[in-house]
Amino acid sequence: MASLFSIQSEFRYEIVHKIFEGGMGMVYEAEQLGPRGFVKRVAIKIIRQKYATQKLFLENFIGEAKLVADLIHTNIVQTYHLGEARGVFFIAMELIRGVNLEQFQHQLRLRGRKLPIELAVFIVSRVARGLAYAHAKTDGRGHSLGIVHRDVSPKNVMLAFEGDVKLTDFGIAKARGLLQDQEGEVVAGKADYMSPEQADFQVTDPRSDLFSAGVVLADLLLGRNIFRAEDAAASRQRILTMPIPDFRALAEGIDERLERILERALARRLEDRYARAEELLYDLEYYIYHAGYGPTTETLGRFNRELFAEAGPAPTTAPGSTEVLEHTARLAHRAAPPL
Ligand SMILES: Nc1ncnc2c1ncn2[C@@H]1O[C@H](COP(=O)(O)OP(=O)(O)O)[C@@H](O)[C@H]1O
Ligand SMILES: [Mg+2]
């Protein structure tokens, strides 16, 4: 697009502490500094050195940033910037003060608490809302971007202490023309939350994410993932062949309507599964609100805050990653071309 004029400016980020150390990269909390003492807390994701040199990983990382740059939705973690400093690429994004769903569930177990059914349904309804938006995303000319997240799993769903639910990590998302398509060669995604198509190395479409959202819902309701097996291959096998149980028999309080939602989300045959995220969203919202007042961002926020009250170390910190950064990395960075 032709620009009116351009602004060239400099960003500086001071890394404050490590939020998460994953296999492929690290997520830090950082301060973005501006003139006259302006400070904004952000999250910075940096790819690991050993992967940064691998073209495929780097392409995915950069592809993620470019792909999600314009995804602006309350249920998706917002990306601010893709930067490069001394050859290291990083993504600056909205800082979520909260936990991911895996940490949330870990804390539930630790405290011997049970997640109320309506809150589980509410959480997944927000995920479905974010997915509906991402799936429908088009480029400037109205062509579908064909986004499929492909890694909808508890670790990639953030729960802010304010109650907002946000989908993150589009690192292996598939989008036409933006990410390398590895389908048929490499299986990406967390094995026990994969759709049968993914587990079977098939081409995926948005319905794949709906299956994964169904696995997350079942996981929240039961407190465990029914497909989890001793290793990734065994989990994939279960996803492909294990009879889908009647959830009413596995947990108290699941009624016929909720069972039906799970059944449709977890249908292996694509024709039987929800066709669109909006349909799943509608059913989940109908489930919690048809009788009147239902769960809200506020009730979820309160639940999350109470769950983590007096929990010790900063709750945004993953277990075992509290150490202070020895090298207070300074990422001096020249802003990319015109705003
Ligand atoms: N914007 C953010 N704000 C706060 N924490 C975040 C943010 N993004 C990610 N995290 C934390 O870091 C973890 C890993 O981030 P993610 O983007 O999923 O990277 P990976 O590719 O390593 O899975 C998440 O599960 C979450 O706990
Ligand atoms: Mg992740």
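**Exercise 1.** Work out whether Asp169 is buried or exposed in this predicted model.

*Solution.* Start with the count: 23 other C-beta atoms sit within 10 Å of the one in Asp169. Next, bring in the cut-off, where 20 or more means buried. Asp169 is therefore buried. Now place the residue: Asp169 is in the loop between β8 and α5 (196-199). Finally, check its backbone: phi of Asp169 is near 60 degrees, a positive value in a residue other than glycine.

**Exercise 2.** Find out which residues come nearest to ligand 1, and describe the shell around that ligand.

*Solution.* Asp169 turns up again here. Of the 22 residues around ligand 1, the nearest are Phe20, Gly22, Ala43, Ile96 and Asp169. Then ask which elements give two or more residues to this shell: they are β1 (10-21), β2 (25-33), β3 (39-47) and β5 (88-94). Sorting the shell by class gives 11 nonpolar, 7 polar and 4 charged residues. As a last step, look at the domains: domain 1 (12-93) and domain 2 (98-297) each supply at least three residues to the shell.

**Exercise 3.** Lay out the open sheet that contains β6, β7 and β8, and say what packs on it.

*Solution.* First, the order: the 3 strands run β6-β7-β8, with antiparallel pairing. The edges are β6 (98-100) and β8 (165-167), each of which pairs on one side only. From one strand to the next, the twist averages 25 degrees. Zoom in on one pair: β7 (residues 157-160) is joined to the antiparallel β8 by 3 bridges. Within that pair, Val157 stands opposite Leu167 of β8. Now add the helix: α4 (residues 117-136) packs on the sheet and touches β7 and β8. The direction of α4 makes about 40 degrees with that of β8.

**Exercise 4.** Classify Phe201 and Ala234 by their C-beta neighbours, then place each one in the fold.

*Solution.* Take Phe201 to begin with. Phe201 has 13 C-beta neighbours inside 10 Å, so it counts as partly exposed. This residue lies in the loop between α5 and α6 (206-222). Phi of Phe201 is near 60 degrees, which is a positive value in a residue other than glycine.

On to Ala234, with 14 C-beta neighbours inside 10 Å; Ala234 is therefore partly exposed. Its element is helix α7 (residues 232-241). To finish, set sequence against space: Ala234 and Ala191 are 43 residues apart along the chain and 9.0 Å apart from C-alpha to C-alpha.

Technical notes:
Residues numbered from 1 in each chain as written. Chains lettered and ligands numbered in written order. Predicted model: local features only at pLDDT ≥ 70, side-chain atom pairs only at ≥ 80, totals over all residues. Pairing = 2+ DSSP bridges. Helix = DSSP H or I, 4+ residues; strand = E, 2+ residues; numbered from the N terminus. Axes fitted to C-alpha atoms, helices over the stretch in contact; angles between N-to-C directions. Contact = placed C-beta atoms within 7 Å. Buried ≥ 20, exposed ≤ 12 C-beta atoms within 10 Å, placed from the backbone. Near = placed C-beta within 6 Å. Nonpolar A, V, L, I, M, F, W, Y, C, P; charged D, E, K, R; others polar. Domains from an automatic or database assignment.
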